[in-house]
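Thanks for making the time this morning. I would like to take you through one structure, and I would ask you to keep it on the screen while I talk.

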Amino acid sequence: MKSLDRLDVNLERPTINLEINRVGIINVHIPIFSMRIGDYSALAIARVSAFINLPPDIKGIHASRNYESIMDVFLSHVGKEMRIEEFCCHIAKDLLRRHDYASSSEVKMKCLIIFPQETPRTGRVSYEKSYLLGKAIAVKKDNHNAFITRKGVGVEVVGITACPSAQRTLLAEVMRMSKDEDVKRILTNDMIPKATHIQRAYARVFLEFKNDYKLNALSLIKITRESMSSQTYELLKREDEAQVILNALNNPMFAEDVVRKIAKRLIEEFPDLPNDTIIKILVRSLESIHQHDLVAKLYITAKRLKDYL
């Protein structure tokens, strides 16, 4: 009889014979490292989640192996630059090497990155933050080497939306109240900004595709920031602040408009995007005159999006 300390409970047969699709660890923080974003290198602080499938005849995973996969891949790339999806791919394959009973793995990663932008009027350098998202799915057949089937890249950015409905309603109300025709002419002049409520908006864009395609995440950040009523900046002098507000008022957009603009820009910027690419866009508007928020979502393949446009 084996001593109790030599028994591997994890490999025992469970009382219920049922495969579990994904078991793993989430929100593992890794130290600062260099992340490649297009032609730009950024220092990143990352959180990683790593999963495998669990066969029906295995009681539980060896969770420490997941942590070891994350850290060993990280340590082997210290001092090197890597794309976020490549980092996920290395971990996903390493998981299947360590867990010989698993046939599929999935790794997700979220990095906080800081990058410079110029303020709109004074041209000062303002350091902005965004989140970079990565994903990789690996499979293993007949105990052979693991290979990547899908990977993904995404971003989370902040911007501003200005409500077009309130803007039109307010203008009509002011026009109705005004008795002076000269005032009315001024109000309808396109050069005059029209008041409306403005709020911060969060956009999440994620593209999932086959392993042989590469995508510039910095372009994703640029597309998403430019698809709002206005961009936001950490540093704003008075002239910059005025310009941001003018930009927003002159470009009123619903959250739905932002989703559609991002989708259109993706096809324009990445015409070679594979047809089976899965595109996920979410925009959340933190409504300034309500206690609730408004969310718009799009989930579509590149082929279908190209057909629409």
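The buried residues of helix α6 are covered by elements that include β5, α3 (164-177), β6 and β7, and I should say at once that we are looking at a predicted model. The buried residues in question are D240, Q243, V244, A248 and L249. As for the helix itself, α6 runs over residues 238-249, and its twelve residues, at 1.5 Å a residue, should span 16 Å, which agrees with the 17 Å between its end C-alpha atoms.

From V244 we can step across to β7, the strand of residues 230-231, where Q231 is found. Leaving aside residues up to four places away in sequence, Q231 touches V244, and also Q117, I160, R225 and E226. With R225 there is, in addition, a polar contact of 2.9 Å between the two side chains. Is Q231 buried or exposed? Its relative accessible area is 17%, and because the cut-off for buried is under 20%, Q231 counts as buried.

Let me turn to the largest pocket, which holds about 560 Å³ of space. Its lining consists of 21 residues, and those that lie nearest the centre are V157, V158, G159, R200 and Y202. Two or more lining residues come from each of β4 (125-139), β5 (147-162), β6 (198-209) and β8 (278-285), with β5 giving the largest share, five residues. Sorted by class, the lining has ten nonpolar, eight charged and three polar residues.

Notes. Residues are numbered from 1 along each chain as its sequence is written. This is a predicted model: local features need pLDDT of at least 70, side-chain atom pairs count only at pLDDT 80 or more; totals for chains, interfaces and linings use all residues. Side-chain values use heavy atoms; hydrogens and water are left out. Helices (H or I, at least four residues) and strands (E, at least two) are DSSP runs, numbered from the N terminus. Buried means under 20% relative accessible area, exposed over 50%, partly exposed in between (1.4 Å probe, protein chains only). A polar contact is a pair of N or O atoms within 3.5 Å; within protein, one must be able to donate a hydrogen and the other to accept it, and residues adjacent in sequence count only if both atoms are side-chain atoms. Contact means heavy atoms within 4.5 Å. On a 1 Å grid over the protein atoms alone, a cavity is a set of points where a 1.4 Å probe fits but cannot get out, and a pocket is an open set with protein on both sides within 12 Å along at least five of seven lines; lining residues have an atom within 4 Å of a point. Grid points are joined across faces, edges and corners, and a volume is the space filled by probe spheres set on the points. Ala, Val, Leu, Ile, Met, Phe, Trp, Tyr, Cys and Pro count as nonpolar, Asp, Glu, Lys and Arg as charged, and the others, Gly among them, as polar. The expected span of a helix is 1.5 Å times one less than its number of residues.
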